[in-house]
Amino acid sequence: MTSLSADVTTEVLVVGAGPAGLLLACELALAGVRTRVVDKRVQAHRESRALNLHPRSTELMDMRGLADRFLAAGRTVPGWQFTASLKRPLDFTALDTRHPYALLLAQSRTEALLAERARELGVPVHRGCEAVSLRQDPGGAEVDVEGPGGRATVRAAYVAGCDGGRSFVRQAAGIGFPGTPESMTAIVGDFAVADHADNERARRHGVLVARLEAGLTRFVVMDPARIRVPSTEPVTLEEFRTSLRQVCGTDCGVGRPRWLSRFGNTTRLAETYRRGRVLLAGDAAHVHFPVGAQGLNTGLQDAMNLGWKLAATLRGRAPAGLLDTYHGERHRTGRELTGLTRAQTLLVELPLTAAYGASAGLLCELLDTLIGLPDVNRHLAGRLSALDTAYPPATPGAHPLTGRRMPDIPLTVPGGSTTRFYEYLHDGRFVLLQLGGGAPADDTPGVRALRAAPGEAHPSLTAVTEVLVRPDGHVAWATRTTAPARCAPNAPTHWPGGPRRTGRPDPRCPLHPPGLP
């Protein structure tokens, strides 16, 4: 971690060294893009802050060969609360994934692991360097940065704002941030001392309790008498104890706080995720009440979506409009996220209000019953975990897999050895998986071609002969044709660096051209 003391030129400047910014920098570096990161904080956050990785985020790490590092640093639990007002957690074990759990891992550890990966990839991270002005022109952007060495100017082809809810980059680019203001707050604390005999009692009264690493215990409390206190008011240990006693009849023996904070339900979504040479990801693009622990996870997914598109654009391999699909895909996801969290937050707030408390309690009992139904659990768990995130295809007649996440299926490759699909995504390239006959494709700089047989049947891949998977693990194109050499031999060339084969595509085939997702 170094300060920035001289003017520099780079291909991408990432502002913000949180999880989204670090993962984006890693993705760009993996693709050979010269990238720098600046962050106004002299040191990384030491507080735990966000608490876990949901299944899709762990899958993303698995796609890059990093899952073992994260799993070794955290602890898995079989599900997570849809809201703290419900007694029954969602069951992630019912989901179609190799990672059917929430990984309890403090944000500080997530950032440390991603920073370690950035160092391995040679990404300079400049701490204590604050972006203070931004200018765009047709050829790129310039950001003035102030740090210990004085002021320096960074010239970049693109600037990525990953600098949080109060994003300087978003404001400097003139991107609006509409939404709803804070109307309710909760308090959170990580304690080195707690009486764990009271944990279940606290949970029965709607307190979120989670055991963390290093012997810490996280408590999140919503005290009906204190939910209108502004988030700007500091939290004291005495207030925390008083609120715990008010809510569940015991202060749970909490002591030696390592972190105390108050957070509100401000909900905002950037008007656009791209303006010219500026792009947004993570909290710079969306903020909401942290119900369901979805914020950090959504930021990581933003970064994975943006990284390969930005790299392909810079390397001249992108079809027209590819970079604009970042907004098209992720803004839609952000809109769904902020809508869901507003509904979840209402389920938290209503039981705490005098006018609706009794009726809301009955509603929560009904929802607890419904979550016990397998179909309801799978639907809500799929949304919370982001495993059901699907990007709509731009063309009619696309294969139903298009835009959906590719499952990590077991494979048998020529020669008889067994493997699994995500192992072929480690280098961040497209993968053209050939499951049927037809002329074999060749590797290109942008695409790895793989002929294999599925190790077991998967319902979404029934009769599929070829599937082209994007670097972020979503399906770009697929076909069930039994004659791929006739129907769509060149369809993958629509994507960056796609493999080329001989033969002419049948213009009558509904799969040609595949279009953007």
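The paragraphs below go through a predicted model, from the overall chain to one helix, a cavity, a pocket and the cysteines.

The chain has 517 residues, and its secondary structure consists of 12 helices and 27 strands. Along the principal axes, the C-alpha atoms fill a box of roughly 75 × 60 × 40 Å. A compact globule with 517 residues would have a radius of gyration near 24 Å, and the chain agrees with that because its own value is 24 Å. Buried residues account for 56% of the chain. Of the contacts with a separation of 6 or more, 69% join residues that are 24 or more positions apart.

Helix α2 is a useful place to start on the interior. This helix spans residues 55-63 and is mostly covered, with nine of its nine residues buried. The buried set includes the charged side chains R56, E59 and D62, and also P55, S57, T58, L60, M61 and M63. Just after α2, G65 takes a positive phi of about 75 degrees.

Two residues of this helix also border an enclosed space. The structure holds four cavities of 30 Å³ or more, and the largest cavity contains about 80 Å³ of space. R56 and L60 belong to the lining of this largest cavity, together with Q301, M304, N305, R330, A386, T389, Y391, D472 and H474. The elements that give two or more residues to this lining are α2 and α8, the latter covering residues 295-314. Helix α8 gives the most, with three residues. By type, the lining of the largest cavity divides into four nonpolar, four polar and three charged residues. R56 and L60 are thus found in two descriptions: both are buried in α2, and both line the largest cavity.

Open spaces are treated separately from enclosed ones. The second largest pocket holds about 530 Å³ of space. Its lining is made up of 22 residues, and those nearest the centre of the pocket are Q81, K87, P89, R203 and V209. The elements that give two or more residues to this lining are the strands β4 (75-77), β5 (79-80), β6 (90-91) and β14 (208-211), along with the helix α6 (199-204). Strand β14 provides the largest share of the lining, four residues. The lining of the second largest pocket divides into 12 nonpolar, three polar and seven charged residues.

The last topic is the cysteines. A disulfide is a covalent bond between the sulfur atoms of two cysteines. Which cysteine sulfur is closest to that of C26, and why is there no bond between them? The closest one is in C162, and the distance of 12 Å is too far for a bond. The cut-off used for a disulfide is a pair of sulfur atoms within 2.5 Å. Seen from the other side, the sulfur of C162 has its closest cysteine sulfur in C26, again at 12 Å and too far for a bond. The count for the structure therefore comes to zero disulfides under this cut-off.

Are C26 and C162 buried or exposed? C26 is buried, with a relative accessible area of 4%. C162 is also buried, and its relative accessible area is 10%. Both values fall under the 20% limit that defines a buried residue.

Note on methods
Residues are numbered from 1 along each chain as its sequence is written. This is a predicted model: local features need pLDDT of at least 70, side-chain atom pairs count only at pLDDT 80 or more; totals for chains, interfaces and linings use all residues. Side-chain values use heavy atoms; hydrogens and water are left out. Buried means under 20% relative accessible area, exposed over 50%, partly exposed in between (1.4 Å probe, protein chains only). On a 1 Å grid over the protein atoms alone, a cavity is a set of points where a 1.4 Å probe fits but cannot get out, and a pocket is an open set with protein on both sides within 12 Å along at least five of seven lines; lining residues have an atom within 4 Å of a point. Grid points are joined across faces, edges and corners, and a volume is the space filled by probe spheres set on the points. The radius of gyration is taken over C-alpha atoms; the globule rule is 2.2 Å times the number of residues to the power 0.38. Contact means heavy atoms within 4.5 Å.
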